[in-house]
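Okay, everyone, thanks for coming. Let me put the structure up on the screen and then walk you through a few parts of it.

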Amino acid sequence: MTKISTRSPFDLLIHIGIILALVGVLFLGFFFVYLPFTTNHGQTITVPDVTKMSLNEVQTFLGDRNLRYEVTTDCTFVAGAEPLTVHAQYPRPNTKVKEGRKIYLTLIKRVPPSVGMPDLINLTYRSAELNLRSAGLEVGERKYVPDVAKNAVLGQFYNGKEIVAGTPVPKGAKIDLEIGDGLGSTIFEVPNVIGKPLDEAVTIIVGSDLKVGTKISVDDPEKEVGTVVRQKPEARPGERIRVGEKIDLWVVGPIEPD
């Protein structure tokens, strides 16, 4: 067996250099040859955009590109969007990833969750709009009515019926608003509805650009059920009322809820 001479310092330095060179070759070979070969280094693809696709479309589309996918549990609801389609993905579209990378998908729910109806009464239209959006709701129809409070919300309605704050409504629902037009400065005599049936009294009040206020049930055996026996403000000589104001009614017998 041949022996390497290390009798002189020069020979020792040569041997150390050889060892270091071998270590360097192994190091470079490991990181620049072995690892790239085993990890497909540099073999990347661009993540496609699969938003708005159905799951069936996603399965075919990603499978053809050697990409996997997984549906996350944090599904969301988007008003007007097609249910069970992709709302978001990670990694994002146009990101460079390796083949076989898993794409995480967030789907759109089929059934919207419920949210509490906010209280919009007496808010400005702009504030009401912001409150609705913050709650995940939308502004529906806007109806302007005579009232001194210009652009103030006077009523909130869902599916044609007045809705009180806190009532559950589907997320994305459209809420109709009744808004003051600022024309409530018109003053005229208070209409007299005493002795009239409730439905006729309501017609007179609404037809006068006024509102029906609180309806109070009273007993009066001498009057027919449903007859208005008192109103506030009263229709006295000289008594005036503004457009958009309310008239409270006292009615004989039980009162059906609106």
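So, start with β3 and strand β5, residues 102–107: these two pair in the antiparallel sense, over 4 bridges. Strands here are DSSP E runs of at least two residues, helices are H or I runs of at least four, and both are numbered from the N terminus. Two strands pair if DSSP finds at least two bridges between them. If you want one pair of residues to look for, take Tyr90, whose bridge partner in β5 is Tyr104.

Before I go further, a word on where this comes from. It's a predicted model, so to speak of local features we need pLDDT of at least 70, and side-chain atom pairs count only at pLDDT 80 or more, while totals for chains, interfaces and linings use all residues. Residues are numbered from 1 along each chain as its sequence is written, and side-chain values use heavy atoms, with hydrogens and water left out.

Back to the sheet. What is the order of the strands in this open sheet? The order is β2-β5-β3, 3 strands with mixed pairing. At the edges you have β2 (68–71) and β3 (86–90), each pairing on one side only. From one strand to the next, the twist averages 30°. Then there's a helix packed on the sheet: α2, residues 55–63, touches β2, β3 and β5, and its direction makes about 155° with that of β2. Contact means heavy atoms within 4.5 Å. As for the angles, axes are lines fitted to C-alpha atoms, for helices over the stretch in contact, and angles run from 0 to 180 degrees between N-to-C directions.

Staying with the sheet, look at the side chains of Glu70 and Lys102. They meet in a salt bridge, 3.1 Å from N to O. That pair links distant parts of the chain, with Glu70 in strand β2 and Lys102 in strand β5, 32 residues apart. By salt bridge I mean a side-chain nitrogen of Lys or Arg within 4 Å of a carboxyl oxygen of Asp or Glu. In general, side chains of opposite charge can pair when their charged atoms come close.

Are those two buried or exposed? Somewhere in between: Glu70 is partly exposed, because its relative accessible area is 34%, and Lys102 also counts as partly exposed, at 22%. The cut-offs are under 20% relative accessible area for buried, over 50% for exposed, and partly exposed in between, with a 1.4 Å probe and protein chains only.

How many salt bridges turn up in the whole structure? The search finds 6. Another one joins the side chains of Glu129 and Arg133, again at 3.1 Å, N to O. Both of these lie in helix α3, 4 residues apart, which is about one turn of the helix. Glu129 has a relative accessible area of 14%, so it is buried, whereas Arg133, with 55%, is exposed. And there's a network here: salt bridges that share partners join Arg126, Glu129 and Arg133.

Just past that helix sits Ala135, in the loop between α3 (125–134) and β7 (138–145). Ala135 is partly exposed, because its relative accessibility is 21%. Not counting residues up to four places away in sequence, Ala135 touches Val115 and Pro118. The C-alpha atoms of Ala135 and Val115 are separated by 6.9 Å, and the two are 20 residues apart along the chain.

Pro118 is worth a stop too. You'll find it in the loop between β6 (114–116) and α3. At 15% relative accessibility, Pro118 counts as buried. Leaving aside neighbours within four places in sequence, its contacts include Asn131, Leu132 and Gln156.

Now over to helix α1, residues 9–39, where Ile18 lies. Ile18 is partly exposed, at 46% relative accessibility. Together with Ile14 and Leu22, Ile18 forms a nonpolar patch on the surface, with about 270 Å² of accessible area among the three. Patches are made of residues with over 30% relative accessible area and no salt bridge; like charges are joined within 9 Å, and nonpolar side chains (Val, Leu, Ile, Met, Phe, Trp, Tyr) within 5 Å. Accessible areas come from the Shrake-Rupley method with a 1.4 Å probe, and for residues only the protein chains shown count as cover.

Last, the whole chain. There are 4 helices and 16 strands, and buried residues make up 26% of the 258 residues. The chain exposes about 17200 Å², with carbon and sulfur atoms supplying 55% of it.
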